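Got your viewer open? Here is a tour, stop by stop, with something to select at each one.

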Amino acid sequence: MKDTLLSPAELESAILTHLTYTLGKDADHASLYDWRMALSYALRDRIVGPWFEATRKTYGQDRKRVYYLSLEFLIGRLLEDAAINLGLREAAETALARHGVDFRALVEDEPDAALGNGGLGRLAACFMESMATLGVPAHGYGIRYEHGLFRQRFEGGRQVETPEDWLVQRHAWEFERPEVAYEIGFKGHVEHDGERARWLPGESVIATAYDTPIVGWQGKWANTLRLWSARPTTLFDLERFNAGDYTAAAEPEALARTISRVLYPDDTTPRGKELRLKQEFFMTSAALQDILRRFMTNHDDPRRLASHVAIQMNDTHPAIAGPELMRLLMDHHGVAFAEAVEIAQAVLGYTNHTLLPEALERWSTWLMGETLPRHMEIIERIDSWHRRTWPNRPHRVGIVRQNEVHMGDLAFVMSHKVNGVSALHTELVKETVFADLNRLHPDRIVNQTNGVTPRRWMRLANPGLSRLVTDTIGTGWEADLDRLRELEPHIEDAGFRDAFAAAKRHNKVQLSNWIAGETGIAVDPDAVFDVQIKRIHEYKRQLMNILQTVGLWHRMRAKPGAGWVPRVKIFGGKSAPGYAVAKEIVHFINDVATTINADPVTRDLLKVVYPANYNVSMAEKLIPATDLSEQISTAGKEASGTGNMKFALNGALTIGTLDGANVEIREQVGAENFFLFGLTAEEVVARRRDVEHARHAIEACQELQDVLQLIAEGRFSPDAPERYHGMLHRLWNHDYFLVTSDYAAYVAAQDQVDEAWRDPDRWTRMAALNTARMGYFSSDRTIRGYMADIWSVEPAL
């Protein structure tokens with residue numbers, strides 16, 4: 001790559017060219033937006049070369065491609081990521097400085113692409129970057145959401161959802177492909193002629209493509225993220241418009257755009273469910289039509305598809321891929337049913353991300369039959385075929401049962417490999433959600449523990465620590481993260497530990513300044529920054545965290561001079577709009593924050609911060625500055641997690657349960673460098689057998705009783721003392737996620753955190769060992785596992 005690097009002067013010239021000829025501005029009158037777009041276009045120009053070359057090489061060598069289907073791609077900002085992977089970050093900073101433009105201000109001006117919600121989408125983004133780094137020919141397929149999930153704000157402590165507006169400005173990184181368009185049908189009826197069927201949709205939209213090149217480390221290879229936008233088949237009804245019915249004239253466009261407007265529309269209503277199913281089919285059908293079109297361009301026999309195509313379904317959202325691929329093969333290419341099943345299974349893989357039965361999607365047979373009538377026929381035929389082929393299949397097993405289509409079972413049956421995303425999760429998948437299917441297909445489930453890209457989550461997010469690593473072990477660790485082990489001997493050097501601690505404190509000062517600007521809350525960078533950032537859900541137990549915060553505050557108020565370790569509790573995350581319990585937790589965290597932050601007795605000892613609208617860019621600020629990473633889900637519920645990996649990589653210590661990838665992180669970093677607490681997955685199951693487990697746990701813990709009493713009295717909701725009585729009722733009488741049972745152990749572990757913090761040298765040593773031992777959790781390693789165990793592909797580099 002070094003031979004092709006631009007000098008600062010050459011990059012400056014490219015920026016000015018785009019400023020003049022693409023944006024129509026001169027340097028003296030250009031806004032920050034203009035400079036950002038000009039730099040983005042200049043960097044994009046440098047990506048197009050390896051992008052085209054990768055495409056030519058893949059076609060020329062007739063290589064097998066990977067197609068990653070995901071309803072989310074949480075790519076975040078792309079400008080600095082591209083600059084770093086191209087080796088042009090310093091050149092960009094220098095080129096802009098010559099015109100008085102601050103590179104950091106320019107980066108902060110870029111909107112986050114609103115294409116995801118949480119870990120699922122961020123994993124997909126990491127995987128795309130790692131596949132490009134490793135030279136794996138690949139396409140990602142998703143939806144180009146106009147408004148994303150939603151923009152979160154707080155009113156009186158309550159979450160309020162407003163539309164994301166990331167596409168109000170031009171998206172510099174994408175190429176519109178109007179020539180790549182596919183008709184996507186819904187509803188209608190099916191006509192049969194012997195073995196052949198013809199689906200006549202009653203509705204249809206057009207899927208149009210937008211391509212974003214994803215460049216890997218050192219700019220050697222780039223792959224395509226293709227996002228679909230919905231357009232009407234009939235753009236405008238001129239006759240209605242001329243008759244004065246203006247709203248009806250635009251109705252086709254409005255209905256089509258609904259499909260690609262919002263990620264995860266509220267599905268608590270029948271119309272919401274229909275929209276969700278249409279979205280999933282829209283993305284999947286467009287992707288499969290595109291894949292088959294590309295394959296048939298150079299090949300004439302769809303029976304050879306598996307030799308050139310590997311399709312990975314990221315969760316159950318694209319699970320309709322099995323029936324849709326079979327429909328295309330049977331109805332459009334004349335492939336017989338049995339062969340179509342075999343072809344589909346050979347190309348499809350399914351990644352399971354959940355042990356929550358309610359998260360394994362189910363659609364009513366009525367909705368599926370009404371919305372996708374041909375697919376309902378195929379699904380029922382697949383189910384019958386599977387039952388005949390495995391006559392010992394238990395009666396309780398079935399893709400179609402109790403008037404519902406079970407998409408997890410469909411994805412399992414139609415895939416040649418099903419993978420979990422951590423060692424514990426994979427074993428639990430075998431033992432719980434897919435226990436019966438695993439007994440029928442004992443070699444189908446494999447493990448691929450998740451990972452994160454170190455280019456984004458260390459090199460970009462934590463430049464101070466990255467410089468220290470490079471100065472200590474040399475260059476190249478970004479593409480070989482196992483080399484972080486070379487840091488271990490240096491951790492015994494007091495000078496290295498001082499430098500490590502200084503990098504962390506610098507990040508904490510920067511975050512403190514950002515928090516003050518965003519929230520008006522002043523926090524002490526010398527306090528423990530205790531952070532929990534993830535979507536709000538009962539099993540992730542933000543509730544336990546904030547209850548412990550109340551307990552700590554109560555103890556501090558009783559003895560303010562007792563030598564407390566100062567804490568800053570930081571929360572981040574969104575609740576699904578229709579998830580009332582999670583939204584109540586959001587409100588409670590904000591109510592507690594209002595009370596604690598205003599308390600003159602404890603304000604120098606404890607602060608609670610909850611910045612609104614958590615996203616990738618906020619994570620890039622929070623993670624490098626974190627001292628304590630909260631990974632406290634109920635054991636047996638978190639599939640893996642990737643935030644836990646990002647925190648530990650950046651030198652945060654983990655307080656957590658034996659859940660998801662926490663188990664493997666603890667194995668790698670050492671039990672002595674991890675604050676473990678809580679019931680195991682087996683103990684969770686046993687504890688739930690006691691119908692009064694919550695009451696027994698509360699009665700055994702005086703501090704928890706005191707905390708719940710404060711809430712019951714309305715201490716945190718004086719305007720409505722009864723506001724959280726429903727939450728208290730659930731804690732006393734139900735508590736499915738065992739907040740009360742794990743509370744005392746959690747408090748004890750937090751006390752161990754304080755003890756370790758009081759010895760700064762011990763803490764720094766533990767933190768540095770976390771960074772040094774996290775090489776295993778690179779997404780490069782994960783992708784190599786998929787390549788070998790699931791996709792059967794070789795890198796092209």
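## Starting at the small sheet

Select R401 first: across from it, in strand 14, stands E404. Keep in mind as you go that this is a predicted model. Now widen the selection to strand 13 and strand 14 (residues 404–406), an antiparallel pair held by two bridges. Bring in the rest and you have an open sheet of three strands, ordered 12-14-13, with antiparallel pairing. Strand 12 (362–364) and strand 13 (400–401) are the edges; each has a single partner strand, so one side of each is left without a neighbour in the sheet.

## On to the nine-stranded sheet

Which order do the strands follow in the sheet of nine? Colour them and read across: 5-8-9-2-1-10-11-15-16, in an open sheet with mixed pairing. The two ends are strand 5 (175–186) and strand 16 (445–447), edge strands that each pair on one side only. Ignoring direction, neighbouring strands in this sheet are turned by 25° against each other on average.

Zoom in on strand 8 (residues 203–215) and strand 9 (residues 222–232). They pair in the antiparallel sense, over 11 bridges. For a landmark, pick T212, which stands opposite L225 in strand 9.

Next, show helix 10 (residues 270–298) over the sheet. Helix 10 lies across strand 1 (65–69), strand 2 (138–143), strand 5, strand 8, strand 9 and strand 10 (309–314). Against strand 5, helix 10 runs at about 115°.

## Helix 10 and a helical neighbour

Stay with helix 10 and add helix 11 (residues 321–333). Their axes come within 10 Å and cross at roughly 45°, which makes helix 10 oblique to helix 11. The crossing of helix 10 and helix 11 is right-handed. To light up the contact, select F281, T284, S285, L288, Q289, L292 and M296 on helix 10, together with A321, E324, L325, R327, L328 and H333 on helix 11. Colour this contact of helix 10 with helix 11 by class and you get seven nonpolar, four polar and two charged residues.

## Back to the N-terminal pair

Jump to helix 1 (residues 8–21) and helix 2 (residues 32–60). These two pack at an angle of about 120°, with their axes 8 Å apart. That angle makes helix 1 oblique to helix 2. How is the crossing of helix 1 and helix 2 handed, left or right? It is right-handed.

For the side chains, show L11, A14, I15, L16, H18 and L19 in helix 1; they meet D34, W35, A38, L39, Y41, A42 and D45 in helix 2. The contact of helix 1 with helix 2 has 10 nonpolar residues, one polar and two charged.

## A perpendicular pair

Now go to helix 22 (residues 542–558) and helix 29 (residues 702–712). The angle between them is about 95°, and their axes are 9 Å apart. Helix 22 and helix 29 are therefore roughly perpendicular to each other. On helix 22 the contact uses L547, V550, G551, L552, W553, H554 and R555, and on helix 29 it uses E703, D706, V707, L708, L710 and I711. Sorted by class, the contact of helix 22 with helix 29 has eight nonpolar, two polar and three charged residues.

## Last stop: a salt bridge

How many salt bridges are there to look for? The count comes to 64. For one of them, select D81 and R456: their side chains meet in a salt bridge at 3.9 Å, N to O. This pair links distant parts of the chain, with D81 in helix 3 (residues 79–85) and R456 in helix 18 (residues 454–460), 375 residues apart.

Methods. Residues numbered from 1 in each chain as written. Predicted model: local features only at pLDDT ≥ 70, side-chain atom pairs only at ≥ 80, totals over all residues. Heavy atoms only, no water. Axes fitted to C-alpha atoms, helices over the stretch in contact; angles between N-to-C directions. Helix = DSSP H or I, 4+ residues; strand = E, 2+ residues; numbered from the N terminus. Parallel < 35°, antiparallel > 145°, perpendicular 65-115°, else oblique. Left-handed = near helix turned anticlockwise from the far one by under 90°. Contact = heavy atoms within 4.5 Å. Nonpolar A, V, L, I, M, F, W, Y, C, P; charged D, E, K, R; others polar. Pairing = 2+ DSSP bridges. Salt bridge = Lys/Arg side-chain N within 4 Å of Asp/Glu carboxyl O.
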